[in-house]
Structure formats: structure tokens, C-alpha cells
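User: Hi! I'm new to this structure and would like to learn how to read it, one feature at a time. Could you walk me through it?

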Amino acid sequence: MDLALDPDIYSPSVDKDGTYMDNIPSSGTFKSGGIRCPCKDTIYSTSGKFSSHIKTKCHIKWLENLNLNRMNHFIENERLKQTVRNQQLIISNLERELSIKSRNMDYLIQELNKVKLDSANAKQLVNLIDI
Ligand SMILES: [Zn+2]
């Protein structure tokens, strides 16, 4: 059985001014599942195909928009980081709550079994008295 490798997601380089610029990933990237360009959500399996792709109007426009919205991406990234921190906190609290409820449930099951046993013993006692 072949294991399919997930393609890497293409991310352009950033120059010293913070401007996104295209780059061709190493050949190893293409050998290990290819690369998925977010502009069209298409996977490119060779360096040649990807080199041709980054010259298309669609990709050039995508890169221009990426540069125009740099500040928005930064703000969105900060918001997403906050969302992840909040979700980690929620998960942690839920795990703690689940652990407490699980222990309570184990205790209640033990208590229920004791009550069942006492009840069964009481019935046997009544049966013996009736005899
Ligand atoms: Zn593209």
C-alpha cells in the first residue's frame, strides 16, 4: 500500500521590506507530494509546472492582493492566535470537568452496586423469614 503524502502549502518568501515574493521551492518538495498553491488550490507535482503557474495572471493577482492586505493578514493572524488560546483554555477546562464527572460516576456505580447487594441480601432474609 502506498502512503500518499500531503502536498506542502506554498508560501511566498518575504523580502527585507516585508513584501511577499515568489520563490520556487526545492525539488525535494515536489518529490514529497508536490505543492498546493492557495491561489487556485491546485497541486503542482513538478518545479516546471509550478514555475509556469506563478507567471499566470491568477497567481500574480493573488500575490498582489497578498501584499495589499499584509496588515489585514497580521491582524487576522493575531485574532486567530487569540482564538487558539481561548479554545485551548476551553478544552483544558472541559477535560478537567470530564475527569471530575468520570470519578463521580465511578463512585456512584460502586454505591449503586452496594445498594443492589444490600437489597438482594434483604430479599434473601425476607424469604428466609417467610419460610
Ligand atoms: Zn498560485
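Analyst: Happy to! Keep in mind that this is a predicted model. A good place to begin is the core: the largest nonpolar core has 6 residues, namely Y10, F30, I35, C37, Y44 and F50.

User: What is the general idea behind looking for such a core?

Analyst: In soluble globular proteins, nonpolar side chains tend to be buried together. Here, Y10 is a handy core member to follow. Leaving out residues up to four places away in sequence, Y10 touches I35, R36, C37 and P38.

User: How many strands form the open sheet, and in what order do they stand?

Analyst: The open sheet is made of 3 strands, ordered β1-β4-β5, with mixed pairing. β1 (8-9) and β5 (42-44) are the edge strands, each with a single partner, so one side of each has no neighbour in the sheet.

User: In which sense do β1 and β4 pair?

Analyst: They pair in the parallel sense, over 2 bridges, with β4 covering residues 35-37. To find the pairing by eye, look for D8, which stands opposite I35 in β4.

User: Now the loops. What should I look at there?

Analyst: Backbone angles and exposure are both worth checking. D41, in the loop between β4 and β5, has a positive phi of about 55° although it is not a glycine.

User: Is D41 buried or exposed?

Analyst: D41 is exposed, because it has 8 other C-beta atoms within 10 Å, and a residue counts as exposed at 12 or fewer. Compare S11, in the loop between β1 and β2 (13-14): S11 has 13 C-beta neighbours inside 10 Å, so it counts as partly exposed.

User: How can I relate separation along the chain to separation in space?

Analyst: Take C-alpha distances for a pair of residues. S11 and G33 are 22 residues apart along the chain, and their C-alpha atoms are separated by 15 Å. D41 and D17 are 24 residues apart in sequence and 27 Å apart from C-alpha to C-alpha. For the protein as a whole, 44% of the contacts between residues at least 6 apart in sequence join residues at least 24 apart.

User: What about the helices? How do I check a helix by its length?

Analyst: An α-helix has 3.6 residues a turn, so residues three or four places apart point the same way. For length, use the rise of 1.5 Å a residue: the 61 residues of helix α4 (residues 70-130) should span 90 Å, and the end C-alpha atoms are 88 Å apart, which agrees. Helix α3 (residues 57-68) passes too, with 12 residues, an expected span of 16 Å and ends 16 Å apart.

User: How many residues of α4 and of α3 are buried?

Analyst: For α4 the count is 0 of its 61 residues, so this helix is hardly covered. For α3 the number is 1 of 12, so α3 lies largely in the open.

User: And how do I read the overall shape?

Analyst: Start with the elements: there are 4 helices and 5 strands, running β-β-β-α-β-β-α-α-α from the N terminus. The C-alpha trace spans about 100 × 40 × 20 Å along its principal axes. A compact globule of 131 residues would have a radius of gyration near 14 Å, but this protein has 31 Å. Buried residues make up 6% of the 131 residues.

Technical notes
Residues are numbered from 1 along each chain as its sequence is written. This is a predicted model: local features need pLDDT of at least 70, side-chain atom pairs count only at pLDDT 80 or more; totals for chains, interfaces and linings use all residues. A nonpolar core is a set of buried Ala, Val, Leu, Ile, Met, Phe, Trp, Tyr and Cys residues joined through C-beta atoms within 7 Å. A residue is buried if 20 or more other C-beta atoms lie within 10 Å of its own, exposed if 12 or fewer, and partly exposed in between; C-beta atoms are placed from the backbone. Two residues are in contact if their C-beta atoms, placed from the backbone, lie within 7 Å. Two strands pair if DSSP finds at least two bridges between them. The expected span of a helix is 1.5 Å times one less than its number of residues. The radius of gyration is taken over C-alpha atoms; the globule rule is 2.2 Å times the number of residues to the power 0.38.
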